[in-house]
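Biologist: I am new to this structure and would like to learn how to read it. Could you take me through it feature by feature?

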Amino acid sequence: MMNIFRLAGDMTHLLSIIVLLLKINATRSCRGISLKTQELYAVVFVCRYLDLFTNFISLYNTVMKIIFLVSTFTIIYWMRFHKVIRVTYDREQDTFRYQFLALPCLVLALFLNNDFSVMEVLWTFSIYLEAVAILPQLVLLQRTNNIDNLTGNYVFLLGSYRALYILNWIYRFMTEKHYRQYLVWISGIVQTIVYIDFFYYYIKSWRNNEKLSLPA
C-alpha cells in the first residue's frame, strides 16, 4: 500500500538513477562507477519484475518497474559498449568477485523463502541480493578514493531510499493488522547497515565542506 514514506523512498531511488544517468551522459565518463554493482542491480530487477506483464498492480507500479529496468540496462550498455564512456571505466579497480555475493544469496533464497516456487525463490533472491549489491561500488570508491560530487550523491540517495523504506515498513506494521514481511525487513536492515560507514563520511564531508573520501 502507498504511503508518504514509500513514495519518498521510490522518488529517492528514482532520483539516484537520474543523477547517475546525468553524470555519465554529461561528463561522458563512468569513472568511479562500478559495473559489477550495476550488473547486480540488473539481476535484482529482472528477478523481481518477472511478473511485469502477467500481474498488473497499478500503472504507477508498472511504470516504475520499466524505468528501473531500462535505466539500469542503459547504464550497463554505456559502460560496456559506448565508444567514449567505456574507456573511462575503472576496470583494473572494479575487481570485486560478485559471484561471492550472488551464489550465497541464491542458496539462501532456496532455503529461506515464503513459498518454494520458481517465481517466489527468484523474488526472494532479488531481495537478498539487493542488500549487498552496493558492495562492489563501495569497494571501488575506497580503492580509487576519487569521489566526485555526483557519484557521492548517487550512492547517498541509493542508501537513503532503503532507509526510507524502513520507515514505510514501520508505518505499515503500525497501521496494517496482518502486515508481516520478516525476510524483507531483515534484508532491508542489512542493506542499510552496509551504507552506514559511507553515510558517516558523506555527512562529515558535507558539514566540513570537504571533498568526499573513504578510508582505504
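Modeller: What follows goes through the cores, two helices, two single residues and the empty spaces. Keep in mind that this is a predicted model.

Biologist: Where do I begin with the interior, and which residues have the most contacts inside the largest nonpolar core?

Modeller: A nonpolar core is read from buried residues whose side chains join up. Here the largest one has 48 residues, and Y41 and F198 have the most contacts inside it. At least two of its residues come from each of α1 (4–27), α2 (35–48), α3 (59–81), α4 (99–111), α5 (118–132), α6 (135–144), α7 (149–175) and α8 (182–207). Another core, of seven residues, lies apart from it, and Y165, W169, V184 and W185 are among its members.

Biologist: What is Y41 in contact with, leaving aside its neighbours within four places in sequence?

Modeller: With those neighbours set aside, Y41 is in contact with T72, E130, A133, I134, Y154, L158 and Y195.

Biologist: How do I read the length of a helix, and what span should α8 have?

Modeller: Compare the expected span with the distance between the end C-alpha atoms. For α8, 26 residues at 1.5 Å a residue should span 38 Å, and the ends are 36 Å apart, so the two agree. The helix α8 also bends by about 40° at I196. After α8 comes N209, which has a positive phi, near 55°.

Biologist: Which residues of α8 are buried, and what covers them?

Modeller: The buried ones are V184, W185, S187, G188, Q191, T192, Y195, F198, F199, Y202 and S205. Their cover includes α2, α5, α6 and α7.

Biologist: What does the length check give for α3?

Modeller: The 23 residues of α3, at 1.5 Å each, should span 33 Å; the end C-alpha atoms are 32 Å apart, so this agrees. Buried in α3 are N61, T62, M64, K65, F68, L69, S71, T72, I75, I76, W78 and M79, and the buried residues of α3 pack against α1 and α2.

Biologist: Why does T62 count as buried?

Modeller: The cut-off for buried is under 20% relative accessible area. T62 counts as buried because its relative accessibility is 16%. It lies in helix α3 and, leaving aside neighbours within four places in sequence, is in contact with L52 and F56.

Biologist: Is Y165 buried or exposed?

Modeller: Y165, in helix α7, has a relative accessibility of 14%, so it counts as buried. Not counting residues up to four places away in sequence, Y165 touches R6, G9 and D10. Sequence separation can also be set beside distance in space: Y165 and Y182 are 17 residues apart along the chain, and 14 Å separates their C-alpha atoms.

Biologist: Now the empty spaces. How much space lies in the largest pocket, and which residues are closest to its centre?

Modeller: A pocket is open, whereas a probe in a cavity cannot get out. The largest pocket holds about 910 Å³ of space. It is lined by 35 residues, of which R6, R48, N61, W123 and Y165 are the closest to its centre. Two or more lining residues come from each of α1, α2, α3, α5, α7 and α8, and α7 gives the most, with six.

Biologist: How many cavities of 30 Å³ or more does a search of the whole structure find?

Modeller: The search finds one. The largest cavity has about 80 Å³ of space, lined by H13, I17, L20, Q38, Y41, F45, T72, I75, Y154 and L158. At least two residues of this lining come from each of α1, α2, α3 and α7.

Conventions. Residues numbered from 1 in each chain as written. Predicted model: local features only at pLDDT ≥ 70, side-chain atom pairs only at ≥ 80, totals over all residues. Heavy atoms only, no water. Core = buried A, V, L, I, M, F, W, Y, C linked by side-chain atoms within 4.5 Å. Buried < 20%, exposed > 50% of the residue type's maximum accessible area, 1.4 Å probe, protein only. Helix = DSSP H or I, 4+ residues; strand = E, 2+ residues; numbered from the N terminus. Contact = heavy atoms within 4.5 Å. Expected span 1.5 Å × (residues − 1). Bend = angle between axes of the 7 residues up to and from the residue. 1 Å grid on protein atoms, 1.4 Å probe; cavity = no way out; pocket = protein on both sides within 12 Å on 5 of 7 lines; lining within 4 Å. Points joined across faces, edges and corners; volume = space filled by probe spheres on them.
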